[in-house]
Each structure stands twice: as C-alpha cells, then as structure tokens.
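I opened the model to look up how its sheet is put together and what packs against it. The entries below follow the order in which I checked things.

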Amino acid sequence: MIYLDNNATTKIDERVLDAMMPYFKEEYANPSSMYNFSKKASNALKEARGVLKDFLNAKDEKEIIFTSCGSESANTAIKGVLNYNKSKKHIITTKVEHPCVLNLYQTLEKQGYKVDYIGVNSNGDLDLEQLEAAITPDTALVSVMWANNETGVIFPIKKISEIIKSKSPDTKFFVDAVQAAGKIPLDVQENGIDLLGISGHKFHAPKGVGALYVNSKTLITPLIVGGHQERGKRAGTENVPYIAGMAKAAELAMDGLKYELTEVKRLRDKLEKNILKNIYNSRLNTGVSNRVPNTTNIGFEYVEGELILLHMSDLGICASSGSACTSGSLEPSHVLRAMNVPFTAIHGSIRFSLSRFTTEKEIDYVCEKMPEIIEKITAISPYQEELAALKAHK
Ligand code: PLP
C-alpha cells in the first residue's frame, strides 16, 4: 500500500504511540484530582502545553487550549470571538476555506452576520486588495487558512495580519493552520495571529485531539461549558494520552521540519515533474512556488477523478480527488472552482499528499504506474477529438 493522502490523515508515529501508552495503562488518573496519583497526568498536560507553546511560538503556555480536533478549534475560535463581542456583525473569510469553517459561516449568515468571501487567482493566491477593501471598523473577525488542504497553497499570513491591524486594530485574526502544522514553521507572534487552530492527526498524532491558540489579549466565550478545565475556555476532562501524543508529534515535527522542507519536497517535486512530463493531458492546478512541501494537485483533462482513484486503488495507491472529498457528492471542489480550473480538468483532479514516511521507491512506483492508468482511462474517454488536439499541442 502506498499512502499519498496525508492531508486527509497521517499514520501515527510509533514514538507518539509509545509516549501515549503510560497514560492509558498506569497513569490513568484525572489530571484535575488532588491526590499524588494524578501528578503524572497533570504534569503530562503541563509539559504538553509547554511543547505546544514552543511549536507555535506562543508567549505563554496559558494561551494553549486542548480540543478534540481542528473543527472544534475553529468553531471555538470563531463562535468564541463573535459571542464575546456581539456588537460587531461583519466577518471576512476566503472562498477556499475548509468546510469546518465555511459551513459555520453559512450558518452565521442565517443568524444575521454579513460574511465577505475573498477570492483567489488561478494559482490559488489570495486577492489581498479585495481583502483590504473589505475590512471596516465593524469587522469582528478575519479568518484565513494558513495552507490549503486541497492545493497546499500557502497564504501570506504576516502580510494579512499587517493589513488587518493597520485598517482595524480591534478586528481579531483567526488562522486555520491544520494543514500547515508540521510542514512549515508556525510562529504566532511573528505573524501577528490572535487565534490559531491545529489538529493532531495531520502531523502523525491520533485522530481526536487538537489545539487552539488564543493570545492573552483575545477574550472568547467558551463553546463547551461545564467544569473549569482549560482555564474555563473548554470544559471536559482532558484526554491526557492523546494530548501527550500530540505533544510528542509536535516535538517530532519541530525536529523534522528541515526534512519536510527538503526531502519530502524533493519527492513531491519528482512525482509532479514526472507526471507533468509523461502524461500529455495533465496540468498543475497551482503555481509551483508558495506551497507546503508535501502536496501537489494535478488535473487530468477529459477523464474522471473517481475512475483514476479506483485504478490507483487497485494498484495499492491512495490519494484524493478534488470532488467528493467530504460529502460524497460529485460536485467539483469549491477550491478548484474558486481558482477557475478549466471544467475539462476539474473533474479529473487528483491531490497527492506525501509525508516523512513516503519513500523514493514508492514515488518511483507511482511515477511508473500513473501514465499506464491515465492511458487506460483516456482510451475509453468520449472526448477522443479533444484529447488528440491536446496531444498534438504538447
Ligand atoms: N482545516 C483544514 C484546512 C483541514 O484540512 C481539516 C481537515 O481536513 C480541518 C480543518 C478539520 O480538522 P479535523 O478533521 O481535525 O476536524
């Protein structure tokens, strides 16, 4: 099995699993209890908070809140800011956010909020002029992802925060960094971020754990109300084994960042170049620069992405198509539509996402098999004339 779907989820690193085990077995105490037996569990939480603080370069570990996933982090941040100050009713986001953010904004629109969705160009880069023009003193929140899950395109977070602060210093800035964590350096202070969400299962920790950074100047109303855990910002007994695992994964991600930026990128580039060179009806759906190192999104013209995935799956290769990603619907991806990817390629777009566990041998195998797969599928495509024209043109 060759797993090139690491933006969907990642394999748990064995070292992460080892770090979690004691808290399932011997150290199962509730971290909030008073007796000595709970010390190891509460220390694990404290240590994990310190590691996450370093991972994000937060000022203080009190700015880290543990959550159950990236979606919860985003919901806590967004609803938390809006519910704390109900006087401002304007939100700015992008057309290419993850559904955990976009679906929430659609709900908020029904509740009376005005939401501006900023567009992107054909490379996937954000229209900063449109963003700047949209900010007013009534803007409660600007919410922008750091890296796109489908294309890997990185948004200029520092520049965006400077624009926000120069136009409306009271506006809060939330960054969904779920696809950036472990792939590029994250620094909330350097980038002027007020709130930032991550999710453990995207960087080799288990599913079901995430974190939210809220800087000390930003006040939120909690989403989950109950006990006093997480300084009253997220009730519920903390999931100590998973939090310890996520902290270990964050440590490994910090140590492994150079490898991501060089070796994982090299393998991604090798795969991408090979496909673009050897398959005449392929096109890169983004620009080549300004992307996280592990992701490429390639459109295959006049063929169906689902069919490509099925053929890949028969050969043991896992990846994702642009459509059907979350809902099982065959609607083309909202991200690729926002980028105006031609309709001839949008249905046949495949996202390949690598990780530190991807090997050269695996990439060589995929490079060998992709042309065979696409040739088989194009042979039965009803668009033979168009394909012949493309071939002649290349
Ligand atoms: N944000 C982005 C950019 C994502 O890619 C994802 C998951 O794919 C999420 C948020 C949601 O994370 P989770 O699955 O942990 O809720």
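**Entry 1: the sheet**

I started with β5 and β6, which run parallel and are joined by 5 bridges. The model is a predicted one, so I kept to its cut-offs: local features need pLDDT of at least 70, side-chain atom pairs count only at pLDDT 80 or more, and totals for chains, interfaces and linings use all residues. Residues are numbered from 1 along each chain as its sequence is written, and side-chain values use heavy atoms, with hydrogens and water left out.

For the element names I used DSSP runs, numbered from the N terminus: helices are H or I of at least four residues, strands are E of at least two. Two strands pair if DSSP finds at least two bridges between them.

I looked up single partners between β5 and β6. Val142 has Phe173 in β6 as its bridge partner, and Val144 stands opposite Val175 in β6.

I then went to β3 (residues 90-94), which pairs with β5 (residues 139-145) in the parallel sense over 3 bridges. His90 stands opposite Thr139 in β5, and Ile91 stands opposite Leu141 in β5.

I traced the whole sheet next. It is open, has 7 strands in the order β2-β8-β7-β6-β5-β3-β4, and its pairing is mixed. Its edge strands are β2 (64-67) and β4 (114-118), each pairing on one side only. Neighbouring strands are turned by 20 degrees against each other on average, direction ignored. For axes I took lines fitted to C-alpha atoms, for helices over the stretch in contact, with angles from 0 to 180 degrees between N-to-C directions.

**Entry 2: burial and Leu141**

I checked burial, where buried means under 20% relative accessible area, exposed over 50%, and partly exposed in between (1.4 Å probe, protein chains only). In β5, 7 of its 7 residues are buried. In β6 (residues 172-176), 4 of 5 are buried.

I picked Leu141, in strand β5, for a closer look. Leu141 counts as buried because its relative accessibility is 0%. With contact meaning heavy atoms within 4.5 Å, and leaving aside neighbours within four places in sequence, I found Leu141 in contact with Ile78, Val81, His90, Ile91, Ile92, Tyr105, Thr171, Lys172 and Phe174. Leu141 and Leu82 are 59 residues apart in sequence, and their C-alpha atoms are 7.8 Å apart in space.

**Entry 3: helices**

What does α7 pack with at an angle of about 15 degrees? I found that α7 (residues 240-278) packs at that angle with α11 (residues 360-379), their axes 10 Å apart. I therefore noted α7 as roughly parallel to α11, a term for angles under 35 degrees (over 145 is roughly antiparallel, 65 to 115 roughly perpendicular, the rest oblique). The crossing of α7 and α11 is right-handed; the near helix is then turned clockwise from the far one by less than a right angle, and anticlockwise if left-handed.

The α7 side of the contact includes Leu267, Leu271 and Ile275, and the α11 side includes Ile363, Val366 and Met370. I sorted the contact residues into 8 nonpolar, 2 polar and 4 charged. Ala, Val, Leu, Ile, Met, Phe, Trp, Tyr, Cys and Pro count as nonpolar, Asp, Glu, Lys and Arg as charged, and the others, Gly among them, as polar.

I last checked α2 against α7: their axes come within 9 Å and cross at roughly 30 degrees, in a left-handed crossing. The residues of this contact divide into 13 nonpolar, no polar and 2 charged.
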